[in-house]
Amino acid sequence: MAKKKNELPNKKAEQLAPHTEDGADQFLTTDQGVRINDNQNTLKAGERGPSLLEDFIMREKITHFDHERIPERIVHARGAGAHGYFQVYASMAEHTRAGFLCDPGRRTPVFVRFSTVAGSRGSTDLARDVRGFAVKFYTEEGNYDLVGNNMPVFFIQDAVKFPDFVHAVKPEPHHEMPQAASAHDTFWDFISIMPESMHMIMWVMSDRAIPRSYRMMEGFGVHTFRWINAAGKGCFVKFHWKPLLGVHSVAWEEAQQISGKDPDFHRRDLWNAIESGNFPEFELGVQLIPEEDEHKYPFDLLDPTKIIPEEVVPVQRIGKMVLDRNPDNFFAETEQVAFHPGHLVPGIDFTNDPLLQGRLFSYLDTQLSRLGSPNFHEIPINRPVAPVHNNQRDGHMRQTINRGGTAYEPNTISAGCPFQAKMADGGFHSYTERIDGQKIRGRSKSFFDHFSQATLFYRSQSPAEQRHLVNALRFELGKVTNTDIRIRMVGLLSQVDKGLAAAVAAGLGVAVPAQPEQPMNRSIPADGDPAQYQPHAVQQPVEKSAALSMEHTVKDTIKTRQIAFLVADGVDSGAITAMKDALLKAGAQVQLVAPRLGAIRAASGSSFEADQSLLTAASVLFDAVYVPGGAESVATLQQHPDAIRFVNEAYRHCKPVAVAGEGLQLLKATRVPPEEASGVVISGQAKAFIAAIAQHRFWERELAK
Ligand code: HDE
């Protein structure tokens, strides 16, 4: 498909353009612009002699190479980025004075980076993990970063625990194993004595942790933030990103296989979608809470382990983000982009969430070691489109050439410039919140309900989702070698839901502890009285929340779904064309998978080019499989173990399978029932197949196994 170009002006794209380089039709040069005549041989004393120190060309090249790497991000090292824009549907001026949220005519350029958390830069995309969802808005009033995740809560309530948490989940320090996985002793050791993690554990053990695509996951700001309008009135706000393609995941076994077949699965999917003009779209949603309601709920708005159920405060969809351009260079853009929750614009402010407060320190600090200089804001991808004028000067790799004879403020020599901006001129003004308290290391009692929202999440899941959650816990705790940790975890789970704990315990071959009423909580100060720190459950305003289950997501589109057609010589060309046309029309993408590459001869005499062979393709890389008729083609596939495996696996992973004509014969060689069943279409009818693909998965099949 031809790449659709976004012709509309984009200030960030215009700003980046002069920084791009293109070697097409150009001579090779040194970094100083000198043309290179021989890039194949070092300067030597004689053809067989030693290399000469004076070879400035070779030394420059090797020196640059030696220093190519920068430290990877301590968390969220593996990611993929994209450019796009955001536009608000209607002015939100009643609640915020942020310019990009008040003008529906304004398209604000954005750069988004999706990521996994625990793995290194080269790790698999399909690890069971939280996904980062970081958005940089290049607004007219300066850069605003919404640095969120695909899960609305977090593991811990206070930033001071973050290094411990990350050390626990990262590969273990003595042997650096396992990579990009939480299924090991240190992670679960920490969690088993950290009851505040239980709500987040429900999310990470759910299928949300193995998304089908970055384009099919939600995003959340996690913390409660504040909006402030032009009159200075504040309200609380929770941010959501809602993908227009719905929220979908893969099966755990599938995730593990994808990690082998294509560890770049999510990165490739994002790249290909944008290249083919299928621009990912997300709506920005907000939950607005009037200040007067701060203490109205049975949870604390400042506690990042809590959500506000959508049934209690509905999510208003206020605008749309479209990702329409891939980066030109991964390192320059995706690797060097620097997010920071403290990149704020007037009209948006923080709350006292103790996790957020710690983040405000960490992100700026980490960029200094990662990017190596306080001038990281001058790297093209990080530059605001709003003008920058201040008295920050010098430092490594300074690029701006500041004119003028003063670098301080106030001054008279430069007529006081650059001068402070009044609020009316767009000057940032922190929200005037009244604070009155003692200086203490402590936590509010309102943070001590560690279980009721974990319970709410678990009970809101469909039976299949609950099953997956149980299996995920059995898998993860099954990889834990220390039995005490397993038992402590089962004890904690019994505080969430007795059935959940019993199911996990059965898989681990342990008993649910009889007395887990006071779950282990080591998260207390040395001189603290344990009795004062015990978690307690608080009745939630709803028993269940539909929004928490992916079963309730969008299931009326097959846009960008990848469909495999299994074909061989002698295939029925009509059955290919009819199905392909219908699927393409509905927005899906089709690949012909054959026993070998090259031209596949159809029964009619025409031919088709195979996109992949059974050797390079795998069912786990597709959303559905179709076997068109043609006696010779089907007979060949029936004899091909990889074709049988392809269909069996697609069925096992609960995907739609369709056959037409003799294609039915292939099913007889597989474990797929050769009859019309949920997600099995034997009529060859495109309409039924499309409806099945839109359903995504038929999890009930798992029960029949
Ligand atoms: Fe981060 N986090 N984080 N985090 N985080 C980083 O910043 C940190 C937290 C999130 O694509 C680091 O530039 C602390 C919550 C994303 O570049 C670092 C705490 C949420 C990304 C850091 C948290 C996030 C990061 C590492 C607890 C969801 C990737 C590299 C107080 C709301 C951004 C970097 C990108 C990255 C610190 C918790 C999201 C070390 C101290 C909660 C999406 O600064």
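Where is Glu-176 found? Glu-176 sits in the loop between H3 and H4.

1. Basis. This is a predicted model; local features need pLDDT of at least 70, side-chain atom pairs count only at pLDDT 80 or more, and totals for chains, interfaces and linings use all residues. Residues are numbered from 1 along each chain as its sequence is written. Helices (H or I, at least four residues) and strands (E, at least two) are DSSP runs, numbered from the N terminus.

2. The loop between H3 and H4. Helix H3 covers 162–169 and helix H4 covers 185–192. Glu-176 has phi near 50°, a positive value in a residue other than glycine. In the loop between these helices lies Pro-178. A cis peptide bond links Met-177 to Pro-178, with omega about -10°.

3. Another cis bond. Cys-417 and Pro-418 are joined by a cis peptide bond, and omega is near -10°. Pro-418 belongs to the loop between H9 and helix H10 (452–460).

4. The annotated domain. UniProt, in an unreviewed entry, places "domain: Catalase core" at residues 29–417. UniProt positions are given in the numbering used here, feature names are shortened, and annotations may be inferred rather than shown by experiment. In the model, that span is 21% helix and 19% strand. Its end C-alpha atoms lie 42 Å apart.

5. The ligand shell. The ligand is surrounded by 24 residues (a residue is near a molecule if its C-beta atom, placed from the backbone, lies within 6 Å of it). The closest are His-76, Arg-113, Gly-132, Ala-159 and Val-222. Strands E2 (108–116), E3 (131–139) and E4 (142–149) each supply at least two residues of the shell, as does helix H9 (354–371). H9 gives the largest share, six residues.

6. Shell chemistry. Twelve shell residues are nonpolar, nine are polar and three are charged. Here Ala, Val, Leu, Ile, Met, Phe, Trp, Tyr, Cys and Pro count as nonpolar, Asp, Glu, Lys and Arg as charged, and the others, Gly among them, as polar.

7. The parallel sheet. An open sheet of six strands runs in the order E15-E12-E11-E16-E17-E18, with parallel pairing. Two strands pair if DSSP finds at least two bridges between them. Strand E15 (612–613) and strand E18 (680–681) stand at the edges; each has a single partner strand, so one side of each is left without a neighbour in the sheet.

8. Pairs E11–E12 and E12–E15. Five bridges join E11 and E12 in the parallel sense. The chain passes from E11 through H14 to E12, and this β-α-β crossover is right-handed (with the strands pointing away from the viewer, the path from the first strand over the helix to the second runs clockwise). Phe-565 stands opposite Leu-592 in E12. E12 and E15 run parallel, joined by two bridges. Ala-594 stands opposite Ser-613 in E15.

9. Pair E17–E18. Which residue of E18 is the bridge partner of Ala-658? The partner is Val-681. Strand E17 covers residues 657–659 and pairs with E18 in the parallel sense over two bridges.
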